[in-house]
Amino acid sequence: MLLKGLYKVEFETPRRKAVGVVFASDGRLHGGSSAFAYIGAFEQSGQTIHGTITARRHTVDPAIQSVFGVDDVRVDFHGSTIGDYAQVEGVAAQAPSLGFKAVLTRISG
């Protein structure tokens with residue numbers, strides 16, 4: 001299944017978990033949460049995907065902490081799509097010792 005549409009994204013590192021939304025279209029990713037914006041790109045071959053996404057804080061809220069412990073990160077990821085879902089994992093250049101995992105669930109095509 002092609003990664004395309006609006007997705008709920010649940011992601012985590014060993015530090016914490018978080019949730020946001022991301023819109024995938026034509027190899028581009030755009031989304032965010034109440035404190036962070038996500039912008040990136042991906043390539044897909046069959047069910048395999050890989051890409052890069054940047055997360056940047058847009059609202060200062062001490063109650064919402066970054067899963068990486070820093071407010072501006074670039075994550076290189078890889079994974080696969082399965083029907084209306086995608087699973088990815090990766091590493092942030094700014095926190096290379098923390099593994100990153102995410103599950104994307106399609107909300108709308």
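The largest nonpolar core takes in 27 residues, and Phe68 and Leu104 are the ones with the most contacts inside it. Seven strands feed this core with at least two residues each: S1, S2, S4, S5, S6, S7 and S8. Of these, S8 gives the most, with five residues. Keep in mind that this is a predicted model. As a bit of background, nonpolar side chains in soluble globular proteins tend to be buried together.

Let's look at leucine 104 a little longer. Setting aside neighbours within four places in sequence, leucine 104 is in contact with Tyr7, Lys8, Val9 and Val22, and also with Asp84, Tyr85, Ala86 and Val88. Two of those names come back below: Val9 with the pocket, and Asp84 with a salt bridge.

**Around valine 73**

Valine 73 belongs to strand S6, which runs over residues 72-82. Is valine 73 buried or exposed? Its relative accessibility is 3%, so valine 73 counts as buried. Beyond its neighbours within four places in sequence, valine 73 has contacts with Ile53, Thr54, Ala55, Phe68, Ala92 and Gln94. Phe68 in that list is one of the residues with the most contacts inside the largest nonpolar core. Isoleucine 107 is another story: it sits 34 residues from valine 73 along the chain, and the two C-alpha atoms are 25 Å apart.

**The largest pocket**

Next up is the largest pocket, which holds about 430 Å³ of space. It is lined by 30 residues, and the closest to its centre are Val9, Phe11, Tyr38, Ile53 and Phe100. Ile53 is also a contact of valine 73, while Val9 is a contact of leucine 104.

What is the lining of the largest pocket made of, by class? It has 24 nonpolar residues, four polar ones and two charged ones. At least two lining residues come from each of strand S1 (5-12), strand S2 (17-25), strand S4 (36-45), strand S5 (48-57), S6, strand S7 (85-92) and strand S8 (95-108). Here S6 gives the most, with four residues, whereas in the largest nonpolar core that role goes to S8.

**Salt bridges**

How many salt bridges does the structure hold? There are five, and the table lists three pairs, including their N to O distances.

| Basic residue | Acidic residue | N to O distance |
|---|---|---|
| Arginine 56 | Aspartate 72 | 3.4 Å |
| Arginine 74 | Aspartate 76 | 3.2 Å |
| Arginine 106 | Aspartate 84 | 3.1 Å |

Take the pair of aspartate 72 and arginine 56. Aspartate 72 is in strand S6 and arginine 56 is in strand S5, so the bridge ties together parts that are 16 residues apart in sequence. Aspartate 72 counts as partly exposed at 41% relative accessibility, and arginine 56 is partly exposed too, at 46%.

Arginine 74 and aspartate 76 make another bridge. Arginine 74 is partly exposed at 35% relative accessibility, and aspartate 76 is partly exposed with a relative accessible area of 34%.

That leaves arginine 106 with aspartate 84. Arginine 106 lies in strand S8 and aspartate 84 in the loop between S6 and S7, so this pair joins parts 22 residues apart in sequence. Why does arginine 106 count as buried? Its relative accessibility is 18%, and buried means under 20%. Its partner, aspartate 84, is partly exposed at 38%.

Technical notes: Residues numbered from 1 in each chain as written. Predicted model: local features only at pLDDT ≥ 70, side-chain atom pairs only at ≥ 80, totals over all residues. Heavy atoms only, no water. Buried < 20%, exposed > 50% of the residue type's maximum accessible area, 1.4 Å probe, protein only. Contact = heavy atoms within 4.5 Å. 1 Å grid on protein atoms, 1.4 Å probe; cavity = no way out; pocket = protein on both sides within 12 Å on 5 of 7 lines; lining within 4 Å. Points joined across faces, edges and corners; volume = space filled by probe spheres on them. Nonpolar A, V, L, I, M, F, W, Y, C, P; charged D, E, K, R; others polar. Core = buried A, V, L, I, M, F, W, Y, C linked by side-chain atoms within 4.5 Å. Salt bridge = Lys/Arg side-chain N within 4 Å of Asp/Glu carboxyl O.
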